[in-house]
Amino acid sequence: MSMNSQGRPTRIADNAATGGYADTFSGSRGLDQAETLIFERGATDRCGVDLPEPKGTALRMGGLERHGEIGLPGLSEPETMRHYVRLSRKNYAIDLGLYPLGSCTMKHNPRLNEKVARMPGFADVHPLQPASTVQGAYQLIGELGHWLMTLTGMPAVAMSPKAGAHGEFCGMLAIRAALDARGETHRRRVLVPESAHGTNPATAIQCGFTCDEIPADAGGRVDMEALKAKLGDDIAGIMLTNPNTCGLFERDIREIADLIHEAGGYFYCDGANFNAIVGRVRPGDLGVDAMHINLHKTFSTPHGGGGPGSGPTVLSEALAPFAPVPFVVQEGKSWKMVEQEEGEASESFGRMAAFHGQMGMFTRALTYMMSHGSDGLKQVANDAVLNANYILARLKHVMTPAFAGYCMHEALFDDRFLQGTGVSTLDFAKAMIDEGYHPMTMYFPLVVHGAMLIEPTETESREGLDRFIDTMEALAKAANGGETDRFLAAPVHAPTKRLDETRAARQPVLRWTAPMADEPVAAE
Ligand SMILES: *Cc1c(COP(=O)(O)O)cnc(C)c1O
């Protein structure tokens, strides 16, 4: 495959499935338009707007103003519009079809959430407005916090963390502050099960802890003997996901909490999988000291492409005094925002973000909670678990479940069913793209060989699940029926074929540089 100077393929590879006409003259396929970078479409000597020079604006830059060209690619409004719409059509989206990414809880984002988030009273507030003019926004933050504490059975919540990983950072900083307040600065070792999400060890290290890995037992849960052997008086705590990333409920969780507390440590629970237990289990009853909640997973707010996430973090009595500023408190009939690390916030570990959190996500999440009610949220957990078990039950005869028994909200398969076929987990996932399905989470958790982690969520219908399962079954049979080429060639129908993913990860090209005069620029 030939590449241009930006490391992007310039030609679509030929393949037999399209009768040798895979290449088109234009690079577009059907009505799916080929798209170049905006820098390659626009030109720096062109401008898309035509405005008169503003009058009477004296320069106030004190000689620091830019004199050279800024170098932005100029395009007209229709050209700009088309560029971004073409790109958006290459994206897969939750509004387009099933999104079975395990551990990500890609559920439907209800339109009602969007309607409420766009109400001017919520959408047009600014964090620097006087408190008296944003009482409703403060109340909304307070109420959402109240329901998060109620659902988790925890006495405090920090609303400002802006993603799950940021919530982990919040919880672990609170643990560190609590240890320091006890004068136990030697406690720096954090236990992390080997099935943990990568953000867990990364957070622990970022907060100045060291990580000690606990192996999984044969059933995919924490190995209790190994855990006991690792306890000691340098323990800061444990970071544990429940249900864990193998899609299984950690049955010994109460005992784990007691052991950690007896050893003088704190229990951080990664709450990313809360969707499986919301309304049914309160983490506070399990002995948890801190847990983040991904509003974009359990509470149906959009997963941004690096965009607005939100990871409120609930805290136990022991950690509550160390919560970050700012936070809202109710005083009589009015609400105030505590901004400074003094008075009731004198032990706060500090500030994690410029303002109070993601208002648009708070509005959507509270709308979701209110429209479901407590019985509806319980039903969410029930249906999420039922859907995953339906997939597990219908596919276990053609694919190989990683562990025996029922699962929680996600079904985990390994690659034993592909043994001897010449097809890998990656090849299988690429063939799913040709079938119109975004692949499941692959090669995670690391404890399972060639892992395929499928999380359907509760928002898929029985018919939708059946169509997906039928396709997966057909693919599994094709792999075992010797159709290896179908997998090695896949994806045949995607705009780009097999990319050099290792190179893309190791040598990402993040910056556009003007190509040399004699170099091919794009897929033309
Ligand atoms: C999604 C996830 C996270 C991280 O959450 P972000 O909001 O993506 O930062 C952490 N742990 C687990 C198990 C997850 O699934």
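Colleague: How far apart do the C-alpha centres of domain 1 and domain 2 lie?

Modeller: In this predicted model, those centres are 32 Å apart. Domain 1 is assigned as 1–32 + 92–108 + 375–508, and domain 2 as 125–357.

Colleague: With that spacing, how do you know which residues make the contact between domain 1 and domain 2?

Modeller: Heavy atoms within 4.5 Å make a contact, so the test is on atoms and not on centres. On that basis 25 residues from domain 1 and 29 residues from domain 2 take part.

Colleague: And what makes up the area that domain 1 and domain 2 bury?

Modeller: Interface size is often given as the accessible area lost when the parts come together. Here that comes to about 2100 Å², with 64% of it on carbon and sulfur atoms. On the domain 1 side, F403, M408 and V447 lose the most area, together 25% of what that side buries.

Colleague: How many salt bridges does the rule find across the interface?

Modeller: Zero between domain 1 and domain 2. A salt bridge needs a side-chain nitrogen of Lys or Arg within 4 Å of a carboxyl oxygen of Asp or Glu, and no pair across this interface passes that rule. There are nine residue pairs in polar contact, though. Helix α10 (residues 359–395) gives the largest share of the domain 1 side, seven residues. By class, that side has 16 nonpolar, five polar and four charged residues.

Colleague: On to the ligand. Why is the pairing with D270 called a polar contact?

Modeller: A polar side-chain atom of D270 lies 2.6 Å from a nitrogen atom of the ligand. The cut-off is 3.5 Å between N or O atoms, so the D270 pair counts as a polar contact.

Colleague: What about H296 and K297?

Modeller: An N or O atom in the H296 side chain is 2.7 Å from a ligand oxygen. For K297 the distance to an oxygen atom of the ligand is 2.8 Å. Both values fall within 3.5 Å, so both pairs count too. Residues around the ligand also include S103, E168 and H197.

Colleague: What is the phi of S103?

Modeller: It's positive, about 75°, although S103 is not a glycine. S103 is in the loop between α2 (77–89) and α3 (111–117).

Colleague: Which omega goes with the cis peptide bond from N242 to P243?

Modeller: Omega is near -5° there, and P243 is in the loop between β4 (235–241) and α9 (253–262). Another cis bond joins A490 and P491, with omega about 0°. P491 is in the loop between α13 (484–489) and α14 (501–506).

Notes: Residues numbered from 1 in each chain as written. Predicted model: local features only at pLDDT ≥ 70, side-chain atom pairs only at ≥ 80, totals over all residues. Heavy atoms only, no water. Domains from an automatic or database assignment. Buried area = accessible area lost by both parts, 1.4 Å probe. Polar contact = N/O pair within 3.5 Å; in protein donor to acceptor, adjacent residues only side chain to side chain. Helix = DSSP H or I, 4+ residues; strand = E, 2+ residues; numbered from the N terminus. Nonpolar A, V, L, I, M, F, W, Y, C, P; charged D, E, K, R; others polar. Near = heavy atom within 4 Å.
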